[in-house]
Each structure stands twice: as C-alpha cells, then as structure tokens.
Amino acid sequence: MSDHENQVRALALTIFAANGRLISAGNELVAHLGLTSAWWQVLGALRYSPVPLPAASIARNMGLTRQAVQRIVDVLADKGLIEFQTNPHHRRAKLVVLTAAGLKAVTDAENVVAPLDQAIANKIGTNRIKDAIRTLKEMDVVICEWLDQPQTRASIPEQKETPA
C-alpha cells in the first residue's frame, strides 16, 4: 500500500472516530431537550437550507439514506417539529419545513453545544477549521464523483450473503 493510500486510510479512520464521538456527545448534550443527534442533524439541515427540501434531498446533502431520513422526518412531524408542504416540482415528494417549535429545538440544541464548539475552536483555531471544512468538502466531491461513475460501480465486488 502506498503512502498516499495509508494517509487516506488514516484520514478516513480519524473521520469515523470523530464522527462517532460527535454523535455520542450530541446525543448526551441534547437528550434533555428530547432530541437525538440524528434528529438534530435533520433539523439543522433544514435550518441552514435556503429553501425547503424533500427528504431525499436532505438525505443526499447529509450523506444519509432516504429511508433513514424519511423515518426521522416522520417522527419529527409527529412531534410537531417539522411539517410537510406541497412540492410544486414533485407531487409525491413533499417538502419538509421547520415549524416554530422545530426552529426553537434546533436553536436550543445549538445553544447547549456552544461551549463544546468554543472549546474546539479555541484548541484548533478558525483557520485550521476552515482548512478542514475545505478538505472534507473536496473529499466528499471526489467520493461522490467516484461513486457516480458506472465503471467504478461495476468494479465493486458483490456481497455474497452467508448462511446464518
């Protein structure tokens, strides 16, 4: 394995570890608000989107499955944190919109994690955070382009089911 491959592998493993800890910390910090990290992730995606989005777009933007996001938005709708609106571009794919309660929930979550955000910013610094954002966005683009290439998909070995 080349040094480049080792470095990419180390980056991926570091992202996996940081993501796991981010989700755990988020769950712990927002539990008293009646939220989970997954719910907060969807609420945040809606808050910072300039337009209402269908569940499939939220999933695509967040790197999640459409089914997972659909389950979450259904729960959030039951809790009154989001509502569905008619989508003029697609009759069956309703738009997901934050309610006033949903906006309050995501704002409360952001306020609760603000001290952790500040600790991270103090330790890493704004410039390094900006560099990390750029790097991860570029990595995301490469991964998406790679997965979108039919010849790449064809080269991925099929998973064989093993008998239980």
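Q: How do the residues lining the largest pocket divide into nonpolar, polar and charged?
A: A handy way to read a pocket is to sort its lining by residue type. In this predicted model, the lining of the largest pocket splits into 29 nonpolar, 10 polar and 9 charged residues.

Q: How much space lies in that pocket, and which residues are closest to its centre?
A: Start with the volume, then look for the middle. The largest pocket holds about 2800 Å³ of space. Of its 48 lining residues, I15, N19, L22, Q41 and L136 are the closest to the centre.

Q: Which helix gives the largest share of the lining?
A: Here you trace each lining residue back to its element. Helix α1 gives the largest share, with 15 residues. The elements that each supply at least two lining residues are α1, α2, α3, α5 and α6, the last of these spanning 126–148.

Q: Let's step back to the whole chain. How many helices and strands does the protein have?
A: Counting elements and then reading their order gives you a map. There are 7 helices and 3 strands, and along the sequence they follow the pattern α-α-β-α-α-β-β-α-α-α. Taken along the principal axes, the C-alpha atoms fill a box of roughly 50 × 45 × 40 Å.

Q: What percentage of the residues count as buried, and what percentage of contacts join residues at least 24 apart?
A: These two numbers cover burial and contacts along the chain. Of the 164 residues, 22% count as buried. Among contacts between residues at least 6 apart in sequence, 47% join residues at least 24 apart.

Q: Why is α2 described as largely enclosed?
A: Count the buried residues in the helix, then see what covers them. In α2, 8 of the 11 residues are buried, so the rest of the structure largely encloses this helix. The buried ones are S37, W39, W40, V42, L43, G44, A45 and L46. Their cover includes α1, α3, α4, β2, β3 and α5.

Q: At what angle do α2 and α4 pack?
A: For a helix pair, check the angle and the distance between axes. Helix α2 (residues 37–47) and helix α4 (residues 66–78) pack at about 85°, with axes 10 Å apart. Angles from 65 to 115 degrees count as roughly perpendicular, and α2 and α4 are therefore described that way.

Q: Which residues of α2 meet which residues of α4?
A: Once you have the angle, look at the side chains in between. On the α2 side there are A38, W39, V42 and L43, and they meet I72, V73, V75 and L76 of α4. The residues of this contact are 8 nonpolar, no polar and no charged.

Q: Which residues of α3 are buried, and what comes just after that helix?
A: Take the helix first, then its end. In α3, A55, S57, I58 and A59 are buried, and what covers them includes α2, β1, α4 and β3. Just after α3, G63 takes a positive phi of about 70°.

Q: Where is A31, and is it buried or partly exposed?
A: Place the residue first, then check its accessible area. A31 sits in the loop between α1 and α2. It has a relative accessible area of 47%, so A31 is partly exposed. The C-alpha atoms of A31 and A109 are 9.4 Å apart, with their positions 78 residues apart along the chain.

Q: Which residues does A101 touch?
A: Skip sequence neighbours and see what is left. A101, found in helix α5, touches G80 and L81 once residues up to four places away in sequence are set aside. A101 is partly exposed, with a relative accessible area of 39%. Its C-alpha atom is 34 Å from that of E138, 37 residues away along the chain.

Conventions
Residues are numbered from 1 along each chain as its sequence is written. This is a predicted model: local features need pLDDT of at least 70, side-chain atom pairs count only at pLDDT 80 or more; totals for chains, interfaces and linings use all residues. Side-chain values use heavy atoms; hydrogens and water are left out. Axes are lines fitted to C-alpha atoms, for helices over the stretch in contact, and angles run from 0 to 180 degrees between N-to-C directions. Helices (H or I, at least four residues) and strands (E, at least two) are DSSP runs, numbered from the N terminus. Angles under 35 degrees count as roughly parallel, over 145 as roughly antiparallel, 65 to 115 as roughly perpendicular and the rest as oblique. Contact means heavy atoms within 4.5 Å. Ala, Val, Leu, Ile, Met, Phe, Trp, Tyr, Cys and Pro count as nonpolar, Asp, Glu, Lys and Arg as charged, and the others, Gly among them, as polar. Buried means under 20% relative accessible area, exposed over 50%, partly exposed in between (1.4 Å probe, protein chains only). On a 1 Å grid over the protein atoms alone, a cavity is a set of points where a 1.4 Å probe fits but cannot get out, and a pocket is an open set with protein on both sides within 12 Å along at least five of seven lines; lining residues have an atom within 4 Å of a point. Grid points are joined across faces, edges and corners, and a volume is the space filled by probe spheres set on the points.
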